[in-house]
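Please keep the viewer open and follow the stops below in order, making each selection before reading on.

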Amino acid sequence: MGRRKNKKNWVVPRGAELTELDRRVLDFQERGCLVPPRRLVLDAEQVAGIRRSGVVNTGILDMLEGEVRAGMTTEDIDRLVREFTLSHGATPAPLGYDGFPKSCCTSLNEVVCHGIPSEFEVLEEGDILNVDVSTILGGYYSDASRMYIVGDSTSPEKERLVRVAKECLDIGAQAARPWGFVQDIGRAIAAHANRNGYSVVRDLCGHGVGLKFHDEPDVDHYDTGEQGMLLVPGMVFTIEPMINMGTWEVFVDEEDGWTVVTEDELPSAQWEHTFLMTEDGAEALTW
Ligand code: MF3
Ligand code: CO
């Protein structure tokens, strides 16, 4: 339970009969827990829409596996993402989002996230690259990213970072339990990163997704010391830990206002998926 008084988010419409779900959430709310607003518990039609969006989003990341190579630019990747998305009847969510100029984020080596694809940025053998793609299909949003190793291999240090970052995502997803709390995720991720000698970025978090690009709850990937929001079946959110080889501290490139870089300029790795909270655990809607 947080020390602050939590907002009473769960409001049952006037005159509506209380469902079993209402009773269960209200019980947590009465005990002072942070519970989601009712609109975050999605119905079957909404989940089906996000699922379809997630299929296209996953198709983009799969397509890139066969395309990423030394000598190409991150602008080339952006074009591939945009063309694939549009040809599947979908829209790239980043394009024009808060003024973001491209269709995906490409974050190379010491870039943590939100790197802007550029015709002047050429991939080199041994680079580690995160491509973050987000798709709108039929009004529904999905969001996922993977790491790509450019060329045949990278250094053992970067390879281990990429692997442990993926483990952090998987461990975070396993820690998400229905009727548990959002911070269960971050606590599990931070423990795994730290025991591997890595740090976890604090300035950026996962988020609710599906009806909007970014919604409640914030999904922190480090140990905040708070409990976070109650996880109710039907909620959809991302987990997207950014794991750094050195310090967790980051800065934003002043010139473009987007690119997030590690303070010590050591490498960073990130993997992201969109998850549906079910009665059995977190189900990946991207993969
Ligand atoms: N997965 C990233 C996020 O949720 C996608 C950012 S796209 C951008 O932050 F347009 F906001 F950069
Ligand atoms: Co995201």
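A residue counts as buried when its relative accessible area is under 20% and as partly exposed between that value and 50%. The model on screen is predicted, and it is best to keep this in mind at every stop.

Begin by selecting F213, which has a relative accessibility of 10% and therefore counts as buried. F213 lies in the loop between β7 (206-208) and β8, and it is among the residues that lie nearest the centre of the second largest pocket.

Next, display that pocket, which has a volume of about 320 Å³ and a lining of 20 residues, with H114, H207, F213, H214 and E240 nearest the centre. If the lining is coloured by residue class, 10 of its residues are nonpolar, five are polar and five are charged. The strands β4 (128-137) and β8 (215-219) each supply at least two of the lining residues.

From H207 and E240, move on to the cobalt ion (ligand 2), for both residues coordinate it, together with D143 and E272, at 2.1 to 2.3 Å. Histidine contributes its NE2 atom here, while the aspartate donates through OD and the two glutamates through OE. Which angles do the six donor atoms around the cobalt ion subtend? They run from 68 to 163°, and the arrangement is therefore irregular. Along the chain the donors follow the spacing D-x63-H-x32-E-x31-E. The site thus brings together distant parts of the chain, since D143 sits in strand β5 (residues 140-149) and E272 in the loop between β13 (268-270) and β14 (273-278), 129 residues apart. Is D143 buried or exposed? D143 is buried, with a relative accessible area of 3%, and E272, at 0% relative accessibility, counts as buried too.

The last stops concern aromatic rings, of which a search of the whole structure finds five pairs. Select F28 and F181, whose rings are edge-to-face, at 6.1 Å centre to centre and with 75° between the planes. This pair links helix α1 (residues 20-30), which holds F28, to the loop between α4 (156-175) and α5 (183-195), which holds F181, across 153 residues. Both F28 and F181 are buried. Then return to F213 and add Y97, which forms an edge-to-face pair with it at 4.7 Å centre to centre and 65° between the planes. Y97 lies in the loop between β1 (91-92) and β2 (105-108), 116 residues from F213, and at 30% relative accessibility Y97 counts as partly exposed. To finish, add W179 to the selection of F28 and F181, as ring pairs link these three residues into a cluster.

Technical notes
Residues are numbered from 1 along each chain as its sequence is written. Chains are lettered from A and ligands numbered from 1 in the order in which they are written. This is a predicted model: local features need pLDDT of at least 70, side-chain atom pairs count only at pLDDT 80 or more; totals for chains, interfaces and linings use all residues. Side-chain values use heavy atoms; hydrogens and water are left out. Donors are N, O and S atoms within 2.8 Å of the metal (3.2 Å for Na, K and Ca); water is not among the atoms, so sites may look incomplete. Four donors count as tetrahedral if all angles lie between 85 and 135 degrees; four count as square planar and six as octahedral if opposite donors are over 155 degrees apart and all others between 65 and 115; anything else is irregular. Helices (H or I, at least four residues) and strands (E, at least two) are DSSP runs, numbered from the N terminus. Buried means under 20% relative accessible area, exposed over 50%, partly exposed in between (1.4 Å probe, protein chains only). On a 1 Å grid over the protein atoms alone, a cavity is a set of points where a 1.4 Å probe fits but cannot get out, and a pocket is an open set with protein on both sides within 12 Å along at least five of seven lines; lining residues have an atom within 4 Å of a point. Grid points are joined across faces, edges and corners, and a volume is the space filled by probe spheres set on the points. Ala, Val, Leu, Ile, Met, Phe, Trp, Tyr, Cys and Pro count as nonpolar, Asp, Glu, Lys and Arg as charged, and the others, Gly among them, as polar. Rings of Phe, Tyr and Trp (its six-membered ring) pair if their centres lie within 6.5 Å; planes under 30 degrees apart count as stacked, over 60 as edge-to-face and the rest as tilted.
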